[in-house]
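Colleague: I am new to this one. Could you walk me through it, with short answers?

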Amino acid sequence: MTNKKIIFDTLAILVLMGAVVFGFQYAAQSRANTPEYEAFVVAEKDIVDIYVNADGSSIETAELQTLIRSSLVIDRESQAKFPYLNKFQTVEVLEAYTINPKGIRVPVAKNAIRTVDDDNSDSKTLFSDKKYKVIIFPDVSKGSRTYYKVVTKTRTPLFPGHFFQNFWFGAGTQWANSEINLSHDPKIAIQVDVKDVKGGRIEDSSNGDIRYKFTFRQDRVVLSEPNQIADSEVSPYVHISSFKDQLDMARAYEARAADKYKVTPAVQKLANEITKGIAEPKDQARALYNWVSKEIRYVAIFLGAGGVVPHFADEIIKNRYGDCKDKTILLIALLNAKGIAASSADINSGNAYSLPKLAVLSPFNHVIVYLPKWDMYLDPTEESAPFGTLPYGLLDKPTVLTGLNKIGRTPKPSASTNSIKTNVDLKVSKDGAIKGTSQTEFYGAEDIRARDRYEGTDSSYGDRYSRDQLVAARLNGSGSYEPSSASDLDKPFKLRTTFTLDPIGNIPGPAAITVPMGLAPREFDLIAYSKSIENPTKPAVCRSRTLEDIQAIEFPTNVKVGLIPSNVLYEEGDIKYNSSYSKNGNVIEVRRQVVIQRPSMVCSPAQIKSWNKFIKVLQKDLRAQIFYE
C-alpha cells in the first residue's frame, strides 16, 4: 500500500528508525496541476502518535483510513507493508478492515496479516534480516475505504540515546485530516522543524512529558513535475531529531565506524601489493580506488545494525564483497595504509540537493570517499567511474564528511568536463542504401554513462541492441559495435560502430533527406524530445555538458545535390547552440554543437522555460533536409 512509505535512508536501512514518509504514489505524474484533477487516493484519517523514551527507544501508533477513487490503484492499495527488524523492533496490527462502496465493513482475516522476509524480487544481491508485516485487505474496489491501526515499537535506537524521524506530505494525495502527535521524556533533548504544517509545542503532560501536536490539510492535489528535485525538498514536512545538527549525527556515525578502517596487517599487506612499483601518492590512490571498484563486489548487507554501521576492513577483504559503506571503509583503510588521508562522505544519490536543518539521516542514502589533499571525491561503488570522476547523480551535492567533522559539497557540473564528441561518415550507394561508420569519445560523467550503456555490445547481445537502436531511430539495417574496454578505468571510453542502412530516400530524386546517425549515439535527437511542461513551478534537475556531432554524407555520382539547410546560431542564458552545413561536390558536412553550462545541477522554472524554447530551435534544425535530384 502506498499511503505511507518507509524511508530506507542511507547508510542504507532506515527502517530501523521506522521513518515514515507521508506520500502516495499516483499516475500521470507529469500532468499540470489543475483544480479539476481528482486524487486517486484520499487520506481521510491519518494520525500518528509517537512517544520517545529517555534512551531513544520509542512507540509509534499509526492510524490510516484511505478512500480509493480510481481502479488504477486498487492493486497497490489492497495491501499495506510495514518493514521492521526483529532485533530492534516489533510491529503489531491492532485493527484492519475494508469498508466497501455499500458501506459494509469487512474485517481483515487473521491469516491475511502475514510476516514475510525482505523482498529481493528486484534481483539485487541482498542479505537482510528485515521483515515485513503485510496487511491484505479484502473486497477492495473503486469507492472502497481501507483502514488500519498499527503499533511499531523500537526497543533499541539506531544510535544509542538518540531519536530522529521525518515526515513529509508528498505530491499526488488529497490530505483531508492528518495529525502528528509527539511526546517525549524531558531527559532526551528533541528539536522539531516544520514547513507549511500547522501546530507546535503544546502543554506538557501531567507527568512532565514534553508534547507537540501538528496538523495538515490539503484539499487540492499537488502533482510532481518532470525531473523535479526530491519531493521531500518541496513538500510540507515535519522533522524530529535529538541531534544538535548534521555534524552531531556525523560524530555519532564516526564513533561506530572509526575502528572499522584501522590499518591492520592484512590491510597494510594488501595496500602494498596493489601499489607495488608506484611511488606517486596520487597514482597510489588511483590504483587503490581501481582495485576496490573492480575487486569488491557490491552486496547489500543489512543484518542487525549493518544498515548504518560498516563492517571491518579485514572482513571485507576476506569476503570480497560489501555495500557502499563497506567499500568506502576498505578504500579509506587502504589509503591510510599509504599515508593518504581520507574520509567517509555521506551523500544523496537521488534528486535531493540540500540538507535539512535537523539531522534526520534523510536525504542521505549513499556513502563515498573524500580525499582532502586533492579536494577529490571517489565513489568506489560506481564501478564504471574513472578515478576522480562522479556520475551526474552525485554532482553538486552537499556531503557530511564524517572523518573531518565538516560539511562539504561535490563539484559543480562542467560543460567542458562532461562531453560527447561524435564523427559519422556515410556513403550513399546508387540504389540508396547507406554504409557508415562512427567514432565517439566520452568524457566526465558521460564516460560513466557510456561504459554502462555499451558494455557487452561487442558480444551477441550487441546484435539485439543494434536492432533496437535502429528501430528507435526509425531505420532498417544492421550493424555492430566496437567499444573500448569498459573495465579499463585509466583510459577514456570510446565507441566505434559500423552499419548498413536501407534507403531513407529515393535515389535518384527529386527528394530530400535528413542525415541519419546510424548506430552512433543520437544525443541531439534525445534532447530534442526532452521538453518539459509548459508552465513549471518547481525546480528540476538539469545537466551541464557539451555535445558535438560531425556528419559527412557522400551522395553517388548519379545524384545532383541542390539546396542545403541554413546555419543556425542560438545563444540564450546557459545554452549556446550552433549548426553549420557545407557542400563540397557531392559531400555534405553537418556540424552541430551545444554547450550547456548551468550554475548548478538544479534549474529554476525560468531556466526550464528557456530550455523549452531551445528545444523548439533544435527540433526545427533536426528536421532540416538536404535536397537532391
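**The sheet and its helix**

Modeller: Start with the sheet. Five strands (DSSP E runs of at least two residues, numbered from the N terminus) form an open, antiparallel sheet, ordered 23-22-21-24-25. The model is predicted: local features need pLDDT of at least 70, side-chain atom pairs count only at pLDDT 80 or more, and totals for chains, interfaces and linings use all residues. Residues count from 1 along each chain as its sequence is written, and side-chain values use heavy atoms, without hydrogens and water.

Colleague: Which strands stand at the edges?

Modeller: Pairing takes at least two DSSP bridges between two strands. Each edge strand has a single partner, so one side is left without a neighbour in the sheet. They are strand 23 (376–378) and strand 25 (406–409).

Colleague: In strand 22, what is the bridge partner of Asp-346?

Modeller: Strand 21 (residues 343–347) and strand 22 (residues 366–371) run antiparallel, joined by five bridges. In strand 22, Asp-346 is partnered by Val-367.

Colleague: What angle does helix 7 make with strand 22?

Modeller: Helix 7 packs on the sheet and touches strand 21, strand 22 and strand 23. Contact means heavy atoms within 4.5 Å. Angles run from 0 to 180 degrees between N-to-C directions, with axes fitted to C-alpha atoms. Here the angle is about 15°.

Colleague: Are helix 5 and helix 7 roughly parallel or roughly antiparallel?

Modeller: Helix 5 (residues 281–295) and helix 7 (residues 324–337) pack at about 150°, axes 10 Å apart. Helices are H or I runs of at least four residues. Angles over 145 degrees count as roughly antiparallel. The two helices are therefore roughly antiparallel.

Technical notes: Parallel < 35°, antiparallel > 145°, perpendicular 65-115°, else oblique.
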